[in-house]
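Hi,

Here is the structure I promised to pass on. Have a look at it first, and then read my notes underneath.

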Amino acid sequence: MQPELQETLHEDPGLVPAAVEETLRLWTPVDHGTHVTTRAVQLGGTEIPADARVVLLTGAANRDPQVLPDPDTFRLDRGVNRHLTFGHGIHFCMGAHLARVEFAEVLHELLRHPVFTFTAAPNRYFENGRHICMDRLTVQFARR
C-alpha cells in the first residue's frame with residue numbers, strides 16, 4: 001500500500017469502505033470462473049452455442065473502460081463501484097459480506113499503526129487453479 005494512500009486513510013478512516021471496494025475490484029482473489037450456456041447467444045458478433053463452456057475473466061471485467069473511467073487506477077473517489085469480484089446474480093458469493101468486513105477490519109487495524117512499507121514482494125500462487133493466494137506479506141512500520 002502506497003504511503004500517500006495510508007496517510008489519506010489515517011486522516012479519513014471513513015474512506016476504508018472505498019479502499020476495500022477498489023482493492024477487491026483491482027486485485028480480485030479469483031481471476032476467472034466458468035459457466036455453461038443454457039442456450040445459444042450472440043456476443044460481440046460471435047455466436048456462442050448452447051451447452052458451451054465459457055470462461056469469465058473477472059479481472060478483465062472489473063477493468064472495463066466502458067463501465068468505469070480510468071479503470072487501471074486505484075481511486076477512493078470512484079463512488080458506485082460495480083465490480084464482479086464476488087460474482088453476480090445467482091452466482092453471487094455467499095461470503096462476500098464477511099470478506100468485506102474482515103478486510104475492512106484488517107485495514108482499520110493497520111491504521112492504528114504508523115505508515116508501513118513492504119520489505120519483500122509477496123509470493124503469489126494459484127490455489128485450486130483459480131484462487132490467487134499469497135503466502136505472506138512482510139512489512140516494516142515507520143517509527144513514530
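One thing before the details: this is a predicted model, so please read everything below with that in mind.

Let's start with a pair of strands. Strand β6 covers residues 124–127 and strand β7 covers residues 131–134; the two run antiparallel and are paired over 4 bridges. Together β6 and β7 make a hairpin, with 3 residues between the strands. If you zoom in on the turn, look for N128, whose phi is positive at about 60°. Beside the turn, you'll find E127 facing H131 of β7.

Now to the charges. How many salt bridges does the structure hold? The count came out at 7. Here are some that you can find by clicking on the side chains:

- R112 and E109 form a salt bridge, with N to O at 2.5 Å. R112 is classed as exposed because its relative accessibility is 55%, above the 50% cut-off. E109, at 36%, falls between the 20% and 50% limits and is therefore partly exposed.
- D72 and R63 also meet through their side chains, at 3.1 Å from N to O. D72 has a relative accessible area of 57%, so D72 is exposed. R63 has 27% relative accessibility, so R63 counts as partly exposed.
- D135 and R136 make a salt bridge too, and their closest N and O atoms are 3.8 Å apart. D135 is partly exposed because its relative accessibility is 37%. R136 reaches 54%, so R136 counts as exposed.

In each of these three pairs, then, one partner is exposed and the other is partly exposed.

There is also a spot where salt bridges join up: E22, R25 and R78 are linked in a network. It's worth showing those three side chains together when you open the file.

Last, the surface. Which residues make up the negative patch? They are E4, E7, E11 and D12. Of these, E11 sits in helix α1, which spans residues 3–11. Is E11 buried or exposed? Its relative accessibility is 67%, and the cut-off for exposed is over 50%, so E11 counts as exposed.

If you only have a minute, I'd go to the hairpin of β6 and β7, then the network of E22, R25 and R78, and finish on the negative patch with E11.

Cheers

Conventions
Residues numbered from 1 in each chain as written. Predicted model: local features only at pLDDT ≥ 70, side-chain atom pairs only at ≥ 80, totals over all residues. Heavy atoms only, no water. Pairing = 2+ DSSP bridges. Patch = residues over 30% accessible without salt bridge, like charges linked within 9 Å, V, L, I, M, F, W, Y side chains within 5 Å. Areas by Shrake-Rupley, 256 points an atom, 1.4 Å probe, with all protein chains shown as cover. Salt bridge = Lys/Arg side-chain N within 4 Å of Asp/Glu carboxyl O. Lys, Arg positive; Asp, Glu negative; His and termini not counted. Charge placed at Lys NZ, Arg CZ, Asp CG, Glu CD. Buried < 20%, exposed > 50% of the residue type's maximum accessible area, 1.4 Å probe, protein only.
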